[in-house]
Amino acid sequence: MARSVSSRRKLINTGLAWAIGLLIFFPILWTILTSFKTEAQAIASPPIFLAFDWTTENYGIVMERSDYGRFLMNSIIIAGGSTILGLIIAVPAAWSMAFVPSHRTKNILLWMLSTKMLPAVGVLYPIYLLFIQLGLLDSRAGLVVVMMLINLPIIVWMLYTYFREIPVEILEAARMDGATLKEEVLYILTPMAVPGIASTMLLNFILAWNEAFWTLNLTAVNAAPLTAFIASYSSPEGLFFAKLSAASTMAIAPILILGWFSQKQLVRGLTFGAVK
Amino acid sequence: MATKASRSAARLMMAPAVILLLGWMLVPLIMTLWFSFRTYLPLRGGDQGWTGFDNYVRFVSSSAFWPAVQTTLIIVLGVLVITVCLGILLAILLDQPMWGQGIVRILVIAPFFVMPTVSALVWKNMFMDPVNGLLAHLWRFFGAEPVSWLSDASLQSIIMIVSWQWLPFATLILLTAIQSLDSEQLEAAEMDGAPVLKRFFYIILPHLSRAITIVLLIQTIFLLAIFAEIFVTTGGAFGTRTLSYLIFQRVLESQNVGLGSAGGVYAIILANIVAIFLMRIVGKNLDN
């Protein structure tokens, strides 16, 4: 039976929830608004909310001055590359753990999870040193590998929880009907696994995009992604609120949009299937 | 049914992931352990040999150590208390029937998708700047003296910024947990005349206990390692140097790798203590 609620109560809930939601979202909204102001309007006192002369000049300045395109490209390559590489390695692993489990599967999964708990700062110097020795410092390839490795446990876990939901009976039925292994994988498993693989990709792209320890410590110029691009604004230079806002908006917009699609997967991916 | 052939195929399919993660874990870990027992100053004479537990003793006895531990605890506990308490309330609110629930959910979750360097810089400049920040405007509007947030209330400011980033995570997970609560149980309690607070403490809170534990553990692991938020706001000044940040400074800024590595080993041990509890819960969940 559905809970019957008086419309007055619903009205109060709505008002309260919207107020809190807008309050939490406000810093992002304010950043987006400020990015369309002139520098003078950005620090005007009292602050101007909407009644300013909308301008896109900040976007032009930021793109021109700081080679935004290169940072964006690096972010896309690092986040995208590490996600794809991670999937190539994780799909077979998760697949075999879900469909041919052994008594060790649980321990392997938990051990993988434990590698994710290793504090980055504890292994910073060894990685730094290895990167120098291998000539990987400030290279996209190096970051793709590191980003893949730190997210690999999450990718394996997420895929594992999705694959496990595929009923084995369907496979058995297909086998009875004489499907070969290739047909089984291609026509039965893959279509059923695509949604899970897609959401795993999405979440890991987001996590890699926002990662800000290794990207700040292992890059300088060539491979620096958007996290480092924004960090370069930490030393202020004259009036820069509007430019900072424009740069920030450009750095977060793609992920905000992707993120909205991945709310449900977020819970599963970040709690390792413990909350669904 | 698994045959012998499919078992060995399965092992082969698992091998790349296992070998890579094993290497990723063991190689740097062994190197960190090795460095932690040596006097190693890359810019001042390089590796000067074995020192036993010297670095471990020096790291703990340095004047920066206990303040860093204290700072770490304050930030982690502060953020945990704020995000879990507000997260529970917000999750209950979002679970109620309302108009535009989907949009409100998106608004609440959005901060989680903002990269840490952006949220730290936006808060630092556009909100916490003592002259032009929005909070300064607000303070002046009410006739109060604007606060230099990041120097005079540095810890509170960092806690505020990090809580804003992590509240969505706590809310989302607790909301997912609340939605699995049997609503008939709540209705029955309501009909029996159980007051709101009783329903909260005897039905909702116990139901959420596992989700709360998971939020606490996962957040603790991530919060012990926060870096960018401190890097771009205070750079570890004004009493915001956490244990992780102290290790970072020892290793990369003062290039004392031996000392920093000893600190790193402490951090690894600390994280593992938290991790063990998390693994237990996750492991139990795997069984059923």
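Student: A residue counts as buried if 20 or more other C-beta atoms, placed from the backbone, lie within 10 Å of its own, exposed if 12 or fewer, and partly exposed in between; so is Gln255(B) buried, exposed or partly exposed?

Tutor: Gln255(B) is partly exposed, because 15 other C-beta atoms lie within 10 Å. This is a predicted model, in which local features need pLDDT of at least 70 and side-chain atom pairs count only at pLDDT 80 or more, while totals for chains, interfaces and linings use all residues. Residues are numbered from 1 along each chain as its sequence is written, and chains are lettered from A and ligands numbered from 1 in the order in which they are written.

Student: Where does Gln255(B) sit, and what about its phi?

Tutor: Gln255(B) belongs to the loop that separates helix H12 (243–253) from helix H13 (257–287) of chain B, where helices (H or I, at least four residues) and strands (E, at least two) are DSSP runs numbered from the N terminus. Although Gln255(B) is not a glycine, its phi is positive, at about 50 degrees.

Student: Which residue of chain A that isn't a glycine has a positive phi of about 60 degrees?

Tutor: That is Asp138(A), which lies in the loop between helix H6 (124–133) and H7 of chain A. Asp138(A) is partly exposed, since 15 other C-beta atoms are found within 10 Å.

Student: And H7(A) itself, how many of its residues are buried?

Tutor: In H7(A), 22 of the 24 residues are buried, so this helix is largely enclosed by the rest of the structure. H7(A) also has a kink of about 50 degrees at Asn151(A), shortly before the proline Pro153(A), the bend being the angle between axes fitted to the seven residues ending there and the seven starting there.

Student: OK, the core: how many residues are in the largest nonpolar one?

Tutor: It has 162 residues (buried Ala, Val, Leu, Ile, Met, Phe, Trp, Tyr and Cys, joined through C-beta atoms within 7 Å), and those with the most contacts inside it include Leu159(A), Ile230(A) and Ile173(B). Helix H7 (residues 140–163) of chain A gives the most to this core, namely 18 residues.

Student: What does Leu159(A) touch?

Tutor: Setting aside neighbours within four places in sequence, Leu159(A) is in contact (C-beta atoms within 7 Å) with residues including Ala90(A), Gly196(A) and Thr200(A).

Student: Last topic, how many residues of each chain are in contact with the other?

Tutor: There are 88 residues of chain B in contact with 84 residues of chain A, and helix H1 (residues 4–36) of chain B supplies the largest share of the chain B side, 18 residues. Chain B has 13 helices and two strands, and 42% of its 288 residues are buried.

Notes: Two residues are in contact if their C-beta atoms, placed from the backbone, lie within 7 Å.
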